[in-house]
Amino acid sequence: MIFSVKAPIPGFETIKEVELEKIDEFFVKFISKSDPTTFTLINPFMLRPYEFEIPEYFRTLLDINEKSNILILNIMIIATPIETSTINFIAPLVFNVDNQSLAQVVLDANQHPDFGLMESISLFLNKEKSE
């Protein structure tokens, strides 16, 4: 599915359209149709409690109402080993699936002190400890 970017993504202002390619329940590939940029996106709800209000500006920009089919994903920087990969929880990508629009919402860090810019995925992995 192709989405129109309704507000410039900070650092990637040239991206105007993107395609999402589902990898599995956790991951989605974000493919720019404007340049060679690709991201790995992750479903934050599979990792942690993740609640925030979409600011009114973005609700209007994306034409979001109570019946809208919304998708929330976060940018993940993949590293090796995977445990050193990081996730941006403070600036989720919000997709209105109904009208195929998207914007990156930068949340107020004071209102969401538990959401970081580069949180290690290792904080959310269930690992067995062998001793």
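**Entry 1: salt bridges**

I began with Lys22 and Glu25, whose side chains meet in a salt bridge at 3.1 Å, N to O. Both ends of this pair lie open, since I found Lys22 exposed and Glu25 exposed as well. I note here that the model is a predicted one, and that every value I write down is to be read with that in mind.

I then asked how many salt bridges the structure holds. The count came to three, and I went on to look up the other two pairs.

In one of them the side chains of Arg48 and Glu119 come together at 3.0 Å, N to O. This pair links distant parts of the chain, with Arg48 in the loop between E4 and helix H1 (56-61) and Glu119 in strand E9, 71 residues apart. Are these two residues buried or exposed? Arg48 counts as buried because its relative accessibility is 14%, under the 20% cut-off, and Glu119 counts as buried at 12%.

Glu19 and Lys33 form another salt bridge through their side chains, at 3.0 Å, N to O. I placed Glu19 in strand E2 (residues 17-22) and Lys33 in the loop between strand E3 (27-32) and strand E4 (38-42), so the pair ties together parts that are 14 residues apart in sequence. Glu19 is partly exposed, with a relative accessible area of 24%, and Lys33 is partly exposed as well, with a relative accessible area of 45%. As a general point, I reminded myself that side chains of opposite charge can pair when their charged atoms come close.

**Entry 2: strands E2, E3 and E4**

The loop that holds Lys33 sent me to the strands around it. E2 and E3 run antiparallel and are joined by five bridges, and a hairpin of four residues leads from E2 to E3. Following the pairing residue by residue, I saw that Leu20 stands opposite Phe30 in E3.

How do E3 and E4 pair, and over how many bridges? They pair in the antiparallel sense, over five bridges, and they form a hairpin with five residues between them. Here I noted Lys29, which stands opposite Thr40 in E4. In a regular strand the side chains alternate between the two faces of the sheet, and I kept this in mind while looking along the strands.

**Entry 3: Asn74**

Next I looked up Asn74, which lies in strand E5 (residues 70-77). I wrote it down as buried because its relative accessibility is 0%. Which side chain does Asn74 reach with a polar contact? The partner is Tyr50, and the contact between the two side chains is 3.0 Å. Beyond its neighbours within four places in sequence, Asn74 is in contact with several residues, among them Thr40, Leu41, Ile42, Pro44, Ile87 and Pro92.

**Entry 4: the nonpolar cores and the aromatic rings**

Tyr50 came up again when I turned to the largest nonpolar core, which has 22 residues; Tyr50, Phe52, Ile87, Phe89, Val94 and Leu107 are the ones that touch the most other members. Apart from this core lies another, of 15 residues, among them Val5, Ile9, Val28 and Leu102.

For Phe89 I listed the contacts outside its neighbours within four places in sequence, and they include Tyr50, Asn74, Leu107, Phe115 and Phe124. Both ends of the Arg48 and Glu119 salt bridge are also in contact with Phe89.

For the rings, I found that the count comes to 10 aromatic pairs. One of them joins Tyr50 and Phe52 in an edge-to-face arrangement, 5.4 Å centre to centre and with 75 degrees between the planes. Tyr50 is buried, at 4% relative accessibility, and Phe52 is buried too, with a relative accessible area of 16%. Which rings form one aromatic cluster? I listed Phe45, Tyr50, Phe52, Phe89, Phe115 and Phe124.

**Entry 5: Ser122**

My last look was at Ser122, in the segment after strand E9 (119-120). Ser122 counts as partly exposed because its relative accessibility is 29%, which lies between the 20% and 50% limits. Its side chain makes a polar contact of 2.7 Å with the side chain of Ser120. I also looked up Pro10, which is 112 residues from Ser122 along the chain, and the C-alpha atoms of the two are separated by 26 Å.

Definitions and conventions:
Residues are numbered from 1 along each chain as its sequence is written. This is a predicted model: local features need pLDDT of at least 70, side-chain atom pairs count only at pLDDT 80 or more; totals for chains, interfaces and linings use all residues. Side-chain values use heavy atoms; hydrogens and water are left out. Helices (H or I, at least four residues) and strands (E, at least two) are DSSP runs, numbered from the N terminus. Buried means under 20% relative accessible area, exposed over 50%, partly exposed in between (1.4 Å probe, protein chains only). A polar contact is a pair of N or O atoms within 3.5 Å; within protein, one must be able to donate a hydrogen and the other to accept it, and residues adjacent in sequence count only if both atoms are side-chain atoms. Contact means heavy atoms within 4.5 Å. A salt bridge is a side-chain nitrogen of Lys or Arg within 4 Å of a carboxyl oxygen of Asp or Glu. A nonpolar core is a set of buried Ala, Val, Leu, Ile, Met, Phe, Trp, Tyr and Cys residues joined through side-chain atoms within 4.5 Å. Two strands pair if DSSP finds at least two bridges between them. Rings of Phe, Tyr and Trp (its six-membered ring) pair if their centres lie within 6.5 Å; planes under 30 degrees apart count as stacked, over 60 as edge-to-face and the rest as tilted.
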